[in-house]
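Please open the model in your viewer, with the sequence panel beside it, and keep a selection tool to hand. The tour below moves from one selection to the next and says what is to be found at each stop.

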Amino acid sequence: MGITAEYQSAFTSSFQEFFGNAKDIGWELYHLSSEPENDFPSWLTFTIRNPLGGRALVFRYHHLENKFYAHLKVQVIPGEENWSLDQLFHKKGYTDLDADDILSSGGEWLFHSLARHYFGIIISFCPRILEPDYFLE
């Protein structure tokens, strides 16, 4: 299995394990990657978006730099704000670990370790992070 398929599989299966079927809860899942260079893409992303919430979670791995970024993107007028999940989770006391800690200890199951770390915190401490602020009637 290539790195792109492994990344997508890890985040998709972990999402389903923690949250269930995206269509059932009204969220959208996206996978993007850069064009391959030397058989590997330089970056990979996995995005979870609630179209009614104006927010999305974006997980991005830079293969060449071996760096991982997790952000909450919030639609504001005009544009959007990006909040680092590592900083947010650390500030709230949800975890002392960040992406660098997971990268250094993830081993063979690196992408599963990253997905389970972030989804575990979200389901435990802030399960409604993508829920809309209000519903139109």
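Begin by selecting glutamate 28 together with arginine 49, since glutamate 28 stands opposite arginine 49 in strand β4. Please bear in mind throughout that this is a predicted model. The two residues belong to a wider pairing, in which strand β1 (residues 28-33) and β4 run antiparallel and are joined over six bridges.

**Strand β4 and its other partner**

Extend the selection to the whole of β4, residues 43-50, and display the surface of everything else around it. Six of the eight residues of this strand are buried, so β4 is largely enclosed by the rest of the structure. Now add β5, which runs antiparallel to β4 and is joined to it by eight bridges. Within this pairing, pick phenylalanine 46 and look across to β5, where its bridge partner is phenylalanine 59. If you then follow the chain round the hairpin of β4 and β5, you pass four residues between the strands, and glycine 54 there takes a positive phi near 70°.

**Along β5 and into the next loop**

Select histidine 62, which is also part of strand β5. Is this histidine 62 buried or exposed? Its relative accessible area is 16%, and therefore histidine 62 counts as buried, the cut-off being under 20%. Leaving aside residues up to four places away in sequence, histidine 62 touches Ser42, Trp43, Lys67 and Tyr69, so these four are worth showing as sticks.

Next, move to asparagine 66, in the loop between β5 and β6. Asparagine 66 has a positive phi of about 50° although it is not a glycine, and most residues other than glycine have a negative phi. With a relative accessibility of 37%, asparagine 66 is classed as partly exposed.

**Strands β6 and β7**

Select β6 and β7 together, and you will find an antiparallel pair joined by five bridges. Glutamine 75 has glutamate 80, in β7, as its bridge partner. The two strands form a hairpin with four residues between them, and in its turn glycine 79 has a positive phi of about 90°.

**The largest pocket**

Several of the residues already visited meet again at the largest pocket, whose volume is about 210 Å³. To display its lining, select Arg49, Asn50, Pro51, Gly53, Gly54, Arg55, Ala56, Lys73, Val74, Gln75, Glu80 and Asp133. Which strand gives the most to this lining? It is β6, with three residues, while β4, β5 and β6 each supply at least two.

**Helix α3**

For the last stop, select helix α3, residues 85-92, in which Leu85, Asp86 and Phe89 are buried. They lie on the same side of α3, because they cover an arc of only 100° around the axis. Turn the helix over, and on the other side you will see Gln87 and Lys91, which are exposed. The elements covering the buried residues of α3 include β5 (55-62), β6 (67-75), β7 (80-84), α4 (99-105) and α5 (110-125).

Finally, look at the two ends of the helix. At the start of α3, a side-chain oxygen of serine 84 comes to within 3.4 Å of the backbone nitrogen of aspartate 86, and after α3 comes glycine 93, with a positive phi near 80°.

Notes: Residues numbered from 1 in each chain as written. Heavy atoms only, no water. Buried < 20%, exposed > 50% of the residue type's maximum accessible area, 1.4 Å probe, protein only. Arc of directions from axis to C-beta. Contact = heavy atoms within 4.5 Å. Polar contact = N/O pair within 3.5 Å; in protein donor to acceptor, adjacent residues only side chain to side chain. Pairing = 2+ DSSP bridges. 1 Å grid on protein atoms, 1.4 Å probe; cavity = no way out; pocket = protein on both sides within 12 Å on 5 of 7 lines; lining within 4 Å. Points joined across faces, edges and corners; volume = space filled by probe spheres on them.
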